[in-house]
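Here are some short exercises to work through with the model open beside you. Try each task before reading its solution.

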Amino acid sequence: SVDFWLRPEKRDQTRTVFSQITGQQESLLTLRADGSLLFAVSVNGQEKLNITTPAGVIQKGLWSYIVLTQEGNAFALYVDGEKKASLQSPFTLSQGRSPVFVGGNGTAGQNDFRGWIDDFRLMNDVSWIQKMKQENDPENVFKKDLFVPVAPYAADSQTAFLLRNGSGSRVSFLDASPVASPIDITGDARVDTAYSIFKSSPRPPEENRLIEGASMVFGDKGD
């Protein structure tokens, strides 16, 4: 599974949020001008998988919590705790050690994302979803399909990759190891202390959740 926080500065065209190319397979999550999210996978240029949310689920200037899951043949896209798109497909994603590009597709200026991304995480399975729900909202008070975090993640044994805000031109990379490692940000991306999804105080209303901490900001010139 993949999950992260997203805050677009622009919603003017289709922009790549993250991508991975493994051999002949290309996987892309894109934000489209109508505010929908599209996860598509192609092999040798032929589309094999396409999951699209309704228009308007992502708003310019507002944070949204995005979760993309695969469990067997079931694929799903969640926005702010609600399942917005799902698909049953026998297609199997290729496994490999190819780079994951956050904020673009690795090609400078090719419809790269413009805005902020916080706490970008890859997990080895989807068991954390039910675990978080049971621990934080067992009575389903919030009426959501999954629990929306109210504090930064804690890396555990199922964490394959977690990018967390840092300082200057570096972010922290965490996995199952308890020790964080710094990573240099490339392109025109940088750490922005002006915007972050979390505060140290209890979770405030959406419009006030942009005060403390930091996030990665992307300027659409290849990151």
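**Exercise 1.** Place Thr16 in its strand and decide whether Thr16 is buried or exposed.

Solution. Start with the strand: Thr16 belongs to E2, residues 15–22 (strands are DSSP runs of E, at least two residues, and helices are runs of H or I, at least four, numbered from the N terminus). Next, take the relative accessible area, 5%, so Thr16 is buried (buried is under 20%, exposed over 50%, partly exposed in between, with a 1.4 Å probe and protein chains only). Finally, look along the chain: Asn111 is 95 residues away, yet the two C-alpha atoms are separated by 6.1 Å.

This is a predicted model, where local features need pLDDT of at least 70, side-chain atom pairs count only at pLDDT 80 or more, and totals for chains, interfaces and linings use all residues. Residues are numbered from 1 along each chain as its sequence is written, and side-chain values use heavy atoms, leaving out hydrogens and water.

**Exercise 2.** Find the phi of Asn140 and of Lys143, then the accessibility of each.

Solution. First, recall that most residues other than glycine have a negative phi. Asn140, however, has a positive phi near 55°, and Lys143 has a positive phi of about 55°. Second, locate them: Asn140 sits in the loop between helix H1 (127–136) and strand E11 (159–167), and Lys143 also lies in the loop between H1 and E11. Third, check accessibility: Asn140 is partly exposed at 27%, while Lys143 is exposed at 62%.
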